[in-house]
Every structure is written in structure tokens, then in C-alpha cells.
Amino acid sequence: MASLRTIEISGTSALDRGTQYGQAAADLIAQAIEYYARAFEHQSGLPWHEVLERARPWQRLIADEFPELFDEMTGIASGAGVSLTEIVTLNCRGEIVYDRGFGRSGTPDEVDGCTSFSLTGSAAGDGHVYCGQNWDWRHETRGTVVIVRIVQPPKPTVVMQVEAGQIGRHGANSEGLALNANGLGGRFDESVGVPQTVIRRLVLDSPTISDALRVLVNTKAHIASNALLTHREGYSIDLETTPGPIGWEYPSDGLLVHGNHYQAFVPPQLAATHRPMSPDSLLRVPRARQGLAAAAKAEKSEDVRSAVHIAMSDHLGFPDSLCEHPDDRMPSVTRWSTLVSSCVDLTTGEYYVAPGTPCEHPYELMPFNLYE
């Protein structure tokens, strides 16, 4: 697609795969570094070299505990001609943005607005299993988004949408397992936990739904994040993961929707003073449920996708709506919008994305199938 770059990497060596990735996305990685250098200085007051220095504990953790992913990051850095610590920092951008102790004190900027969904059972009238989300993030990063297909035997083949240089975010694999994720906010202590890009890639590398659940339940994350898992056999579950406890919920009549507020529980560490990180999440979730209900009445797959597209294009509360648009009242460096809207048919393996706000872009079929 002319509007969204697709990258395919392959091989049994993580270092080689990373090098292929870095070479294919070198210009976009440079663009991402330029943006985050400005964004982190705006938030924390720290120049880029100090941000990199503060990212080194994550670099050591990844090297010690996840050597294969560390090798892939090393290859990305080499292929793109940037430092390894810069790639680590791109993979820890959420941890940095959410961390109140990173640089000057105060409340972090509003940073996330994703709305994820899963359709199983009777929720889709054609009998297929679907999942996807509106991925809302900083508007200035929209030009750095890539679709990466990773062929990595003996692990499953992964298709994912990420910011250039990142090793994991949202996607699906050749075993029919999909992950959609949303930020939750909340930092419980000063310990160094596993970055979300690492956790999400471990989930996408999982050969079974049980393995994916084990990753999410057993890994101590640095920040809280929501994970919506969907499997082609018609199973879905949502896990609100935190550095402490975990909450979960199941679909209702096959439909499961999650935004950026705690829906299953509120962690006791936050309960006394908790307020939703993204107030508009309280609006987006019920609007998505209402709109996606139309998919149950659609008998053809194209009509299901049309129902999803219409639902995810909702503008109630504009610009902080389900279909997110930049808010001119905010500084340009912190404005956010829907970067990608996705709709994945886990029954057929077809991966559809709208590159940008869905109200302005139709779903386009990716040039590869999950099961090929």
C-alpha cells in the first residue's frame, strides 16, 4: 500500500531478521527518533542523551532475560544505523511516557485512546471470528507506522502493526491467535519491569492461547496495560495486566470491547484515588459496543467488515471520539489521533487495515494471509 509500508523479514537468526527490519525501515526509524527526542523533552525536560541513559536499565533487563529479542533489537539498530539504546528507547516509549518519575515530576500527558474489539460466536453474522482496534497514539508518529510480517521458524509467523523500530505491539499469528492492546495507566513502585513491546511480542510468538495467557499472567510488566486475546476457535478473553494484580473479563453474546479504563476491577494500589486515565474511554467503549452490535445481523463477510468500519468511525465527542482526531487545543507534539484501524478475520486469515482515521480511509486487505 502506498500509504502504509509493509515489511517482510525471515530467517532463523533473530539478529539477521532484525538487520533486515532495520534496513527496510531506516528512514522511518530516524523519523521516530526525531519525534520522541522532542516529545520526551517536552514532557520531562530531559535532552535525548539523558533519556537514553535512563533507558539503560531496560536494556540490561532485555539482554539478561530475553536474549533473542535483544538480538533482534541489536540487528534493527545495526540495519538502521542507529544506536542499540535508541532502539531500546523506542521500545520503551510507553514506559517513559507513563512514568511520573521520569524527569520532572507531575502528571504525564494524556497518551492513549485505543479501543479494541473481538467478535466470536453469534457476534458476527457470517460465523467468522474477528478482532481489531482503533490504534490511537501521538498524531506525529502516524508516518512511522509499518506492518511487519515475521517468518521465524519454528515459531509462528507474525503479522503486526508497530511504530518503526519496535518489536511488538498489535497483531496476529499463523496459529490463529491475535492480540489487541490498550494503555491503562498506573505505576505502582520504582522497580524496573518488562516493557510492553517485549510482552506483546512474546504473546504474538506464542503457539497456543495457553502459552499467551501464561506470558500475560506470569510476566511482571513495568506499567499497566490491557490485553485482548482472540483465537480463531471462537475464544476471547480480556486481561487487565498491571505490575501487581490482574483482572479479566469474558465476552457477552460473543462481543468484547475494551478501552483505556479498568473494566474488570480497579487495582487496590490505585483504588483510593483512582480516576480514569482517559475520560473519553467511558464514552468510546459503549459506543463501540452499540455500533458493533450490527455485525451480528450481517450475513456476508463484507457486510460484517462494513458494520465494523461504520462502528469504528463514530464521532460522538469529537475530536476525542472513537474515531480519534487531533485536538488543536493541545500542543502539536502531544496531539493524538487514530493511526490505524484494523479488522482481522481469524477464520480466513485476512488482515485488513485502514491507514489513518477510519472515517477517511476504507479497510484495505494486506498483501499476505496469516495462514499462508
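## A walk through the model, one selection at a time

Start by selecting helix α2 and colouring its buried residues: L28, I29, A32, I33, Y35, Y36, A37, A39, F40, Q43 and S44. Keep in mind as you click around that this is a predicted model.

**Stop 1: helix α2**

Now check the length of α2, residues 26-44. With 19 residues at 1.5 Å a residue, this helix should span 27 Å, and the C-alpha atoms at its ends are 26 Å apart, which agrees. Step just past the end of α2 and you land on G45, where phi is positive, near 80 degrees.

**Stop 2: helix α1**

Next, select residues 14-24, which make up helix α1. Which residues of α1 are buried? Pick out A14, R17, G18, Y21 and G22. Turn the view until you look down the axis of α1: the buried residues fall within an arc of 135 degrees, so they line one face of the helix. Here is a handy bit of background: an α-helix has 3.6 residues a turn, so residues three or four places apart point the same way.

What covers that buried face? Among the elements to show are β1 (5-10), α2, α5 (67-80), β4 (145-151) and β5 (158-163). You have met α2 already, so let's move on to the strands.

**Stop 3: the eight-stranded sheet**

Show the strands β1-β4-β5-β6-β7-β8-β9-β10, in that order: they form an open sheet of eight strands with mixed pairing. At its edges are β1 and β10 (246-249), and each of them pairs on one side only. Direction ignored, neighbouring strands in this sheet are turned by 20 degrees against each other on average.

Zoom in on β5. Is this strand mostly covered or uncovered? It is mostly covered, as six of its six residues are buried. Look at both faces of β5: V158, M160 and V162 are buried on one side, and V159, Q161 and E163 are buried on the other.

Now see who sits beside β5. On one hand there is β4, which runs antiparallel to β5 and is joined to it by six bridges. Click V146 and find its bridge partner in β5, V162. These two strands, β4 and β5, make a hairpin with six residues between them. Then there is β6 (residues 170-173), which pairs with β5 in the antiparallel sense over four bridges. Select Q161 and you'll find H170 of β6 standing opposite. β5 and β6 form a hairpin too, with six residues between the strands, and there G165 takes a positive phi near 100 degrees.

Slide along to β7 (residues 177-183) and β8 (residues 225-231), an antiparallel pair with seven bridges. For one of the matched pairs, click L179: its bridge partner in β8 is L229. While you're here, show helix α8 (residues 196-204), which packs on the sheet and touches β4, β5, β6, β7 and β8. The direction of α8 makes about 160 degrees with that of β7.

**Stop 4: the six-stranded sheet**

Hide those strands and bring up another open sheet, with six strands in the order β11-β2-β3-β12-β13-β14 and antiparallel pairing. The edges are β11 (255-258) and β14 (364-365); each has a single partner strand, so one side of each is left without a neighbour in the sheet. Take β14: two bridges pair it with β13 (residues 350-354) in the antiparallel sense, and V353 stands opposite E364 there. Add helix α11 (residues 281-292), which lies across β2 (115-119) and β11 and runs at about 155 degrees to β11.

**Stop 5: N134 and two cysteines**

In this sheet, go to β3 (residues 130-138) and click N134. It is buried, with a relative accessible area of 0%. Leaving aside residues up to four places away in sequence, N134 touches C114, T115, M312, L322, C323, T338, V340, S341 and P358.

Hop from there to C323. This cysteine has 0% relative accessibility, so it counts as buried. Why is there no bond to C359? The closest cysteine sulfur to that of C323 belongs to C359, and at 3.7 Å it is too far for a bond. C359 counts as partly exposed, because its relative accessibility is 31%. Searching the whole structure for disulfides gives zero.

Definitions and conventions:
Residues are numbered from 1 along each chain as its sequence is written. This is a predicted model: local features need pLDDT of at least 70, side-chain atom pairs count only at pLDDT 80 or more; totals for chains, interfaces and linings use all residues. Side-chain values use heavy atoms; hydrogens and water are left out. The expected span of a helix is 1.5 Å times one less than its number of residues. Buried means under 20% relative accessible area, exposed over 50%, partly exposed in between (1.4 Å probe, protein chains only). Two strands pair if DSSP finds at least two bridges between them. Contact means heavy atoms within 4.5 Å. Axes are lines fitted to C-alpha atoms, for helices over the stretch in contact, and angles run from 0 to 180 degrees between N-to-C directions. The arc is that of the directions from the helix axis to the C-beta atoms. A disulfide is a pair of cysteine sulfur atoms within 2.5 Å.
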